[in-house]
Amino acid sequence: MIENTSRQVPKEQIARQLDCMEQVSRHNALLPEKPLFFCQTFGCQQNEADTERIAGMLAEMGYVRTEDAQQANVIVVNTCAVREHAEKRVFGIMGQYTHIKDTRSDVIICMCGCMVQQEHITEKIKKSYPRVDIVFGTHMLWHFPELLLQRLNGSKRIFAISGDPKGEIAEGLPVQRDAGCHAWLSIMYGCNNFCTYCIVPYVRGRERSRRPEDIEAELRCLVAEGYKDITLLGQNVNSYGKDLGIGMDFSDLLARLDAVEGEYRLRFMTSHPKDASEKLFATMANGKHISHQLHLPFQSGSDAILKRMNRGYTKESYLALIAKAKEYMPDLVLSSDIIVGFPGETEEDFQGTLDVVRQGQYDVLYTFLYSKRSGTPAASMPDGATPEEKQDRFNRLLKTQEGINQQRQDAYQDRELSVLIDGLSNSKDGIYTHCGRTDGGLLVLVRGDDLHIGDFVDVVIEKTSLRALYGSVLGKGYHG
Ligand code: 5AD
Ligand code: SF4
């Protein structure tokens, strides 16, 4: 029996945060106008979901959201550490926000998320950004009300960064979701994989799974509230449950959630190829609500590089896996992440990557130039290729995928697809007034009468581009 390493934050500690929220709320109720908060999120969907929790806590404390940082009384920047580019952008934007204090010294500026979990970054904030009030790491998110209250009560600037406190999970705190019919639903946190290029395991701690009953309860609430497109989140959802020791894996969880009645779609990300299984594909194929969409990053098509990345699969086993997935779901929408220019990557290695791209026939590819992350094993691996060579490979990769993308989009011409309307389109022609997503997550611009956000409609595709499909409505209805 595997030991249950996940630990719920004790109820008393959650109650303490609720009490701090109450105190801040009473303080804010005395102000002549409701105070405003502004949040900016960098990085992945998990960060977006975390920001929704911060926004939920701020709303509970009497703050109202604004999209204008200049007006805000509290500013929160939720940061990303995956690539250097995002870190540079964060510091650029912090320069702008801290200037707001020139005219409004009482604005409270907060930084949180993966980037601040690194010591060299907190040192830089301490030295060069004296106007940042509260810095809190990924494991301190649920302490936010307490930290804000302390600062409002006049404490010195706060640096609340802790190591991984044995995989804590905090339940029962508020959340303010972005408007629309889409919702994130975190099923687990952290990562145990230690891919050698990646900073995530260091800044988000070890894998810990939420209890299935808590996830199911949240799903039921979301469905009852009218959310129709629900994405299960985890750095590697395929290792869900390993730490719970209750004999439940991700496929079992999916099947349990799929049994919840209602008109909604269930997606998930991200899957790691090393533990994506045939059982998972069968569960997806047999599900009522589960979208035939799979994000299965392969990162590189060279076995030598995959080994140095510590990915745990080969080019051949990966290709066999996606062939199996397509066997179960011929209509599968497949996407992937690729890193170009990993230390020591040769032209031959890169040709392997192009080969997987051609064979995989992806609908969407997320491509990245390798970014050195200090503290990761890859940061000290010898590198041969020049920046120009890496950029050239990157450009060739984009070009190869562009051709495939166009062909894949064209293949949808005249097909009938079920689309969930999730917004108004910004199409200039004024004909395709709405936009939505197919079961597989593809973007469709839609024309038709009496359309509303949250409608499931059947659409026939009459035009395609690289960016989107264009269709007209044949009828309405959810098919499951
Ligand atoms: N450099 C470039 N890309 C990276 N990713 C993760 N770490 C790095 C890095 N150091 C990419 C991987 C991962 C995605 C979320 O970000 O492709 O799947
Ligand atoms: Fe990073 Fe690998 Fe974990 Fe993904 S699976 S978060 S790439 S270490």
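Counting charged pairs gives 34 salt bridges in this structure, which is a predicted model. Let's start with a few of those bridges and then work outward to a helix, a ligand and some strands.

Take E218 and R210. Their side chains form a salt bridge, with 2.8 Å from N to O, and both residues are buried. The pair also belongs to something bigger than itself: R53, E171, R177, R210 and E218 are connected in a network of salt bridges.

Next, look at D355 and K315, whose side chains make a salt bridge at 2.7 Å, N to O. This one links distant parts of the chain, since D355 sits in helix 12 (residues 347-360) and K315 in helix 11 (residues 315-328), 40 residues apart. Are these two buried or exposed? Neither quite fits: D355 is partly exposed because its relative accessible area is 24%, and K315 is partly exposed too, at 22%.

A third example is D455 with K476, a salt bridge at 3.1 Å from N to O. D455 lies in the loop between strand 19 (443-447) and strand 20 (456-464), while K476 is in strand 21 (residues 469-476), so the bridge ties together parts that are 21 residues apart in sequence. The two partners differ in how covered they are: D455 has a relative accessibility of 16% and therefore counts as buried, whereas K476, at 45%, is partly exposed.

That brings us to the strands themselves. Strand 19 is mostly covered, with 4 of its 5 residues buried. On one hand, strand 19 runs antiparallel to strand 18 (residues 434-438), and 4 bridges join the two. If you want a landmark for this pairing, H434 has V446 in strand 19 as its bridge partner. Strands 18 and 19 form a hairpin with 4 residues between them, and in the turn G441 has a positive phi of about 95°. On the other hand, strand 19 pairs with strand 21 in the parallel sense, again over 4 bridges. Here the landmark is R447, whose bridge partner in strand 21 is S472. As a general reminder, side chains in a regular strand alternate between the two faces of the sheet.

Now turn back towards the N terminus, to helix 2. This helix covers residues 45-60, so to speak 16 residues in all, and spans 23 Å from its first C-alpha to its last, close to the 22 Å expected. Which of its residues are buried? The list is Q46, N47, A49, D50, T51, E52, I54, A55, G56, M57 and L58. Just after the helix, G62 adopts a positive phi of about 95°.

Then there's ligand 2. Around it you'll find C191, N193, F194, C195, Y197, C198, V200, P201, Q235, H272 and R311. By type, that shell splits into 7 nonpolar, 3 polar and 1 charged. One of its cysteines, C195, has a relative accessible area of 8% and so is buried.

Speaking of cysteines, how many disulfides does the structure hold? The count is 0. C110 shows why a bond can be missing: its closest cysteine sulfur, in C112, is 7.7 Å away, which is too far for a bond. For comparison, the cut-off for a disulfide is 2.5 Å between the sulfur atoms. C110 is also buried, because its relative accessibility is 0%.

Terms used
Residues numbered from 1 in each chain as written. Chains lettered and ligands numbered in written order. Predicted model: local features only at pLDDT ≥ 70, side-chain atom pairs only at ≥ 80, totals over all residues. Heavy atoms only, no water. Expected span 1.5 Å × (residues − 1). Buried < 20%, exposed > 50% of the residue type's maximum accessible area, 1.4 Å probe, protein only. Near = heavy atom within 4 Å. Nonpolar A, V, L, I, M, F, W, Y, C, P; charged D, E, K, R; others polar. Salt bridge = Lys/Arg side-chain N within 4 Å of Asp/Glu carboxyl O. Pairing = 2+ DSSP bridges.
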